[in-house]
Amino acid sequence: MRRPTTELMFREPVEDGLGPLAGGWLEGAQHCPSPNCDARPAGNEVKLIVVHAISLPPDEFGGPGVEQLFTNALDPAEHPYYAAISPLRVSAHFFIRRDGRLMQFVPTDARAWHAGVSSWNGCERCNDFSIGIELEGCDTQPFEPAQYTRLAALLRVLCAHYPVEAVTGHSDIAPGRKTDPGPCFDWQRLRLALDLPKLACGPASGTV
């Protein structure tokens, strides 16, 4: 099993308030366990991180909708959009709010249900070998500086713990089906904040 490189191992951002992973749960994140997860198939280790964007209701920020969706507590009567999505059973490992606050729903050693039908570098079923990170956002508004800072810090922790080969977008592993994190997400800004030049990071990292 390939282990993280020395370059990756010494970039855990203790100054950011994020601690180590213990049993798949990250110290420094708000833990909100989701039932929508299961075990990774045998022989699958984390080698991909998928960046998503979500807002509930659509294009609105700050409410409890995402947390409710991932914990099967979304009220279909709360908003017209919720009636169609409340039966869904989905999750992500992490969720980064507009102000940079970090929530964790699924332990990183488990399989979250975030990617759906997907393929990366010829490997299908990306949920089996990936970690999903949702950003509070949409296709039409820029993301906040605090989100890039938090995302970069989180990625450094994950890359120190797992043999991650690439970071890419949901739209790149499910083209034509998904658009997130969308045209407003600045991959170059993330690469500069991350400062791990040997790590593939961006749309070119995901191929079908």
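**Reading a strand and its neighbours**

Guide: Seven bridges, or in figures 7, join strand β5 (residues 48-54) to β11, and the two run parallel. Keep in mind that this is a predicted model.

Visitor: How do I read a strand pairing, and which residue in β11 is the bridge partner of Val 51?

Guide: Two strands count as paired if DSSP finds at least two bridges between them. Here, Val 51 has Ile 133 as its bridge partner in β11. Try Leu 48 as well: Ser 130 in β11 stands opposite Leu 48.

Visitor: Which other strand is joined to β11 by bridges, and how many are there?

Guide: That's strand β6 (residues 94-96), with 3 bridges to β11, again parallel. For a landmark, pick Ile 96, whose bridge partner in β11 is Leu 135.

Visitor: And which strand do 4 bridges join to β5?

Guide: Strand β12 (residues 166-169), and that pair runs parallel too. Look for Ile 49 in β5: Val 167 is the bridge partner in β12.

Visitor: Now the faces. Are the two sides of β11 buried or exposed?

Guide: Buried means under 20% relative accessible area. In β11 (residues 130-136), 7 of the 7 residues are buried. One side carries Ser 130, Gly 132, Glu 134 and Glu 136, the other Ile 131, Ile 133 and Leu 135, and both faces are covered.

Visitor: What about β5, how many residues are buried there?

Guide: In β5, 7 of 7. Leu 48, Val 50, His 52 and Ile 54 point one way, while Ile 49, Val 51 and Ala 53 point the other way, all of them buried.

Technical notes. Residues are numbered from 1 along each chain as its sequence is written. This is a predicted model: local features need pLDDT of at least 70, side-chain atom pairs count only at pLDDT 80 or more; totals for chains, interfaces and linings use all residues. Side-chain values use heavy atoms; hydrogens and water are left out. Buried means under 20% relative accessible area, exposed over 50%, partly exposed in between (1.4 Å probe, protein chains only).
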